Amino acid sequence: MTETISDLIGNRFAQKTDTGKDRPAEGTHAQQLRHRSRRRYKDTPVPQEVLDILYACALSAPAKSDLQQVSIIQFDDADLREKVTDLIPSMPWIKQAPVFLLFCGDGRRVRRVCEMRGTDFAHEPLDAFMNAAADAAIVMMNFIVAAEAEGLGCCPISAVREVTDEIAELAGLPEGVFPFAGLCVGHPADDPAISVRLPISLTVHRNKYDDSRLATEIDSYDTRRAQTNPYSKQREPDRFGSKQNYGWSDDKARQTANRERADFSTYIRRNGFDI
Ligand SMILES: Cc1cc2nc3c(=O)[nH]c(=O)nc-3n(C[C@H](O)[C@H](O)[C@H](O)COP(=O)(O)O)c2cc1C
């Protein structure tokens with residue numbers, strides 16, 4: 001039987017659905033529904049022309065107020081690449097990826113344009129930061145969609161924000177430019193399971209926000225997800241104990257029980273955003 005969009009939605013949410021049952025599993029929708037972050041790559045290089053096409057596609061994304069507040073650093077220099085990857089040894093896929101990029105929010109360019117045209121930049125700092133961060137996120141996602149259409153695989157790396165000062169120095173980021181996420185890019189060398197998402201019933205609200213069914217929805221999500229995405233390790237068993245049915249909600253509750261990237265807000269405040 002021909003695979004349909006409804007089959008792909010079923011795989012993504014681990015829930016059977018009739019939605020999309022009359023549409024063949026092809027085109028952009030199918031590609032998006034099949035998305036997976038890839039953490040293993042073949043040695044095959046990615047030609048610069050392909051990257052240039054992907055940059056053009058990525059930068060075709062919408063941009064807040066047309067301010068276009070994004071910069072992308074492509075690490076070509078082997079020594080520099082090594083220094084960057086050495087900063088995050090816990091994620092060996094960064095070293096292995098043929099291409100490693102850094103997507104940055106860029107609040108510097110528009111400030112320079114203000115200077116050039118004789119005005120003062122007066123946007124509210126948190127909103128200005130949010131706008132640049134959103135632009136960087138949207139452009140990175142557009143890059144991923146374009147890369148996947150090319151048969152490439154990607155893995156975003158927010159761990160760059162655990163070493164913000166070091167990576168900003170290596171990448172020569174001036175004031176006003178901040179790392180949003182790194183991105184590994186290459187030809188995929190494995191075929192990981194689809195990461196099952198929270199149900200649409202929990203994330204799409206009709207007319208008014210409603211999370212009254214959160215507890216039951218999360219329990220059944222944990223159960224569904226465990227079939228395809230079981231956890232091989234439990235976080236901090238010494239602190240939280242070991243559980244028999246350790247699921248997504250256990251993992252995320254334990255993960256967020258630690259303060260991550262406390263230095264990032266200091267970096268942002270020091271570098272052009274008085275939030
Ligand atoms: C902004 C952002 C930052 C991420 N940072 C990391 C990271 O530092 N390391 C990593 O291995 N994956 C990272 N990921 C990938 C997520 O873990 C992945 O998207 C999530 O587990 C869902 O899996 P999927 O992309 O295969 O559907 C990041 C994803 C996003 C969107």
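Me: How many C-beta neighbours does A14 have inside 10 Å?
Reply: Quick caveat: this is a predicted model, where local features need pLDDT of at least 70 and side-chain atom pairs pLDDT 80 or more, while totals for chains, interfaces and linings use all residues. Burial here is a C-beta count within 10 Å, with C-betas placed from the backbone: 20 or more others is buried, 12 or fewer exposed, and anything in between partly exposed. A14 lands in the partly exposed class because its count is 19.

Me: And where is A14 found?
Reply: Numbering starts from 1 along each chain as its sequence is written. Helices and strands are DSSP runs counted from the N terminus (H or I, at least four residues; E, at least two). A14 comes right after helix 1, in the loop between helix 1 and helix 2.

Me: What's the phi of A14?
Reply: Most residues other than glycine have a negative phi. A14 isn't a glycine, yet its phi is positive, near 50°.

Me: Which other loop holds a positive phi, the one with E236?
Reply: E236 has a phi near 45°, again a positive value in a residue other than glycine. It's exposed, since just 11 other C-beta atoms lie within 10 Å. The loop in question sits between helix 10 (214–228) and helix 11 (237–240).

Me: Back to helix 1: what do its buried residues pack against?
Reply: The buried residues of helix 1 (residues 5–13) are I5, L8, I9 and F13. They sit on the same side of the helix, because they cover an arc of only 120° around the axis, taken from the directions from helix axis to C-beta atoms. That buried set packs (C-beta atoms within 7 Å, placed from the backbone) against helix 2 (27–33) and helix 9 (200–203).

Me: Which exposed residues are on the face of helix 3 turned away from its buried side?
Reply: In helix 3, the buried ones are L51, L54 and A58. Their arc is only 60°, so they share one side of helix 3. That side packs against strand 2 and helix 7. Turned away from it are E49, D52 and A56.

Me: Which element gives the largest share of the largest nonpolar core?
Reply: A core here means buried Ala, Val, Leu, Ile, Met, Phe, Trp, Tyr and Cys joined through C-beta atoms within 7 Å. The largest has 41 residues, and F103, C104, A136, L183, C184 and V185 have the most contacts inside it. Helix 3 (48–58), strand 2 (99–106) and helix 7 (125–149) are among the elements that each supply at least two residues. The largest share, ten residues, comes from helix 7.

Me: Where does the largest share of the shell around the ligand come from?
Reply: Shell residues have a C-beta atom, placed from the backbone, within 6 Å of the ligand. Among them are H35, R36, M91, C155, A181 and S195. Three shell residues, the largest share, come from strand 3 (residues 153–157).

Me: Which residues does D274 touch, not counting those up to four places away in sequence?
Reply: D274 lies in the segment after helix 13 (262–270). It counts as exposed because 11 other C-beta atoms lie within 10 Å. D274 and M130 are 144 residues apart in sequence but 12 Å apart in space, C-alpha to C-alpha. Leaving out those sequence neighbours, D274 touches P125 and R269.

Notes: Contact = placed C-beta atoms within 7 Å.
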